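Please open the model in your viewer, with the sequence panel beside it, and follow the stops below in order. At each one there is something to select and a short account of what is there.

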Amino acid sequence: MMESRTTLSRPDVMIIGAGPAGIFTALELKTIAPELEILMVDEGRDIDRRACPARKTGTCVNCNPCNIMSGWAGAGAFSDGKLSLSEEVGGNITEYMSHEQAQELIQYADSVYTRFGAPDLVHGLDNKKVEEIDYECSRHNIHLIRCPVRHMGTEYGFETLRAMYRWLERQPGFRFLERTRADRLVVKDGRAAGAVLVDRKGDEFTVEAGTVVAAPGRGGAEWLSRVARECGIGTRNNEVDIGVRVEVPNAVMDHLTKYLYEAKMVYYSDTFENRVRTFCMNPGGIVSEEHYDGGIAVVNGHSYADESRRTGNTNFAMLVSSRFTEPFDRPIEYGRYIAQLGNMLTGGGIMVQRLGDLLQGRRTDADRLSRSTTVPTLKTAVPGDLSFVLPHRHLTSIIEAMRAFDKVAPGLYSKNTLLYGVEVKFYSSKVAVDNRFETAVEGLYAIGDGAGITRGLMQASVTGVVVARSLVEKKKIKANNS
């Protein structure tokens, strides 16, 4: 349950960040070691107080902090709620464990989601149809990543994550502090010993803890990078994904999404051989925007499981992956810069352009957009010209990939296909951890998207399970040796 700071005692475990990684740390700890005292903090609100006005009004009012990105369940609360059931998708956990261990943990985490209300249906299990789609993709030099998907939908994902909150708040010794951010780590004798926290009024206070689990999500990536530098923990640059969100009529993609739900396709562009991939596909979905600290707006998308809320369009991201080498070491700042360019040209919002206008080298205006047979679902998007925003390398690679994907999804490379920009995935610097996600600072664990280890709900959840089991195992070893 929520608790004021005046009643805080020294917890056994402090979890910074209430996204899937942090939630699954708490769930697993309370399942296998219910006697442990756990404090979880997040700069956002608890799940019952989270609401995005833009979802109802279509206009962002710049909530501080952003209710889409912060709060219980993190960005996952309002996401499309896809659970990728393959270790090949959604992160890098196989760098820390075998493929077999990763798959076993994914199955376990999936069972937890279903126990708390995730739907039973799993897409992508019709092997015959998937093989046919895979064969067709391979004919055109497209790699189809075969990954079963459990789609919770925006509404059921929210309810499932809320059910986890309800269960945890009933557990003795679990406390959640909303509207509280971690400023810096407390380290004593080379060991994590707590954190300096800041409440909603801006007042600092220190809470000591036996162990600290940093799970800040993508929104806290820069914070965790700063903590790593201050503590002498190594980091390594991840790649940055920059691109657009594509919106087309359902008829263009239905033959793929019917069996796969999400067609994860990869193509290496002709001119630059950049890796271009489709990501976060939302059949019958809605294009949306999300906001990061500093007032940056980027495009995203989601869909509902309820058929009555299905739209006539499918949207998905097309992202170009780039990994920078020395001397450049600021990929997050680079991605933010590209997003800022788009925001600058729209007055702060999301840009939309017809593919036909882009190919003819002209700006989409309100009149041209009104003639589009693809009706935009993001009503606040501002017509514009993406060639003023995206680097030539990225734009060329996206166009070439769209031309290739049109071979398996005829109609995609159409003048009325809508492109929204900019979509940027801010993958944080990868924090150096061992195979149990503990850093060089004893007692400090770094997990989830904010640590640069994962890129989605499922693998983030798995990292929380691993940390919880490791902590309990350590406790048992210490007890046996005492």
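Begin by selecting Thr 211 and showing its surroundings: leaving aside neighbours within four places in sequence, Thr 211 is in contact with Asp 12, Val 13, Met 14, Arg 191, Gly 443, Tyr 445 and Leu 471. Bear in mind from this first stop onward that what you see is a predicted model. Thr 211 lies in strand E10, which covers residues 211–214, and with a relative accessible area of 9% Thr 211 is buried, since buried means under 20%.

Next, select Met 281, which is found in strand E14, residues 275–282. Its relative accessible area is 0%, so Met 281 counts as buried. If you display the residues that Met 281 touches, not counting those up to four places away in sequence, you will find Asp 80, Lys 82, Met 253, Thr 257, Tyr 261, Glu 262, Ala 263, Thr 314, Asn 315 and Phe 316. Then add Ala 317 and draw a distance between the C-alpha atoms: Met 281 and Ala 317 are 36 residues apart in sequence, and the C-alpha to C-alpha distance in space is 7.0 Å.

The tour now moves to helices. Select helix H1, residues 20–32, together with helix H5, residues 153–169, and look along the place where the two pack, with their axes 11 Å apart and at an angle of about 40°. H1 and H5 are therefore oblique to each other, and their crossing is left-handed. Showing side chains here brings up Ile 23, Phe 24, Ala 26, Leu 27, Lys 30 and Thr 31 on the H1 side, which meet Leu 161, Met 164, Trp 167 and Leu 168 of H5. By class, the residues of this contact of H1 with H5 are eight nonpolar, one polar and one charged.

Keep H1 selected and replace H5 with H3, which spans residues 99–115. How far apart are the axes of H1 and H3, and at what angle do the two helices pack? The axes lie 12 Å apart and the angle is about 85°, which means that H1 is roughly perpendicular to H3. On H1 the contact is made by Pro 20, Phe 24, Leu 27 and Glu 28, while H3 contributes Tyr 108, Ala 109, Val 112 and Tyr 113. Seven nonpolar residues and one charged residue make up the contact of H1 with H3, with no polar residues in it.

While H3 is on screen, select His 99, which belongs to this helix. With a relative accessible area of 44%, His 99 is partly exposed, and, residues up to four places away in sequence not counted, His 99 touches Glu 87 and Thr 94. For a contrasting view, add Lys 201, which is 102 residues from His 99 in sequence and 46 Å from His 99 in space, C-alpha to C-alpha.

Now colour the cysteines. How many disulfides does a search of the whole structure find? The search finds zero. Cys 147 is in no disulfide, and the nearest cysteine sulfur, that of Cys 280, is 13 Å away. Cys 147 has a relative accessibility of 8% and so counts as buried, whereas Cys 231 is partly exposed, at 24%.

From there, show helix H6, residues 221–231, whose buried residues are Ala 221, Trp 223, Leu 224, Ser 225, Val 227 and Ala 228. Just after H6, select Gly 232, which takes a positive phi of about 70°.

The last stops concern the backbone, so display main-chain atoms. Asn 141 has a positive phi of about 60° although it is not a glycine, and its place is in the loop between helix H4 (127–138) and strand E4 (143–145). Arg 179, likewise not a glycine, has a positive phi of about 50°, and is found in the loop between strand E6 (174–177) and strand E7 (181–188). Which of these two residues is buried and which is exposed? Asn 141 is exposed, with a relative accessible area of 64%, while Arg 179 is buried, with a value of 19%.

Finish at the peptide bond from Gly 421 to Val 422, which is cis, with omega near 5°; Val 422 lies in strand E20, residues 418–425.

Technical notes: Residues numbered from 1 in each chain as written. Predicted model: local features only at pLDDT ≥ 70, side-chain atom pairs only at ≥ 80, totals over all residues. Heavy atoms only, no water. Axes fitted to C-alpha atoms, helices over the stretch in contact; angles between N-to-C directions. Helix = DSSP H or I, 4+ residues; strand = E, 2+ residues; numbered from the N terminus. Parallel < 35°, antiparallel > 145°, perpendicular 65-115°, else oblique. Left-handed = near helix turned anticlockwise from the far one by under 90°. Contact = heavy atoms within 4.5 Å. Nonpolar A, V, L, I, M, F, W, Y, C, P; charged D, E, K, R; others polar. Buried < 20%, exposed > 50% of the residue type's maximum accessible area, 1.4 Å probe, protein only. Disulfide = S-S within 2.5 Å.
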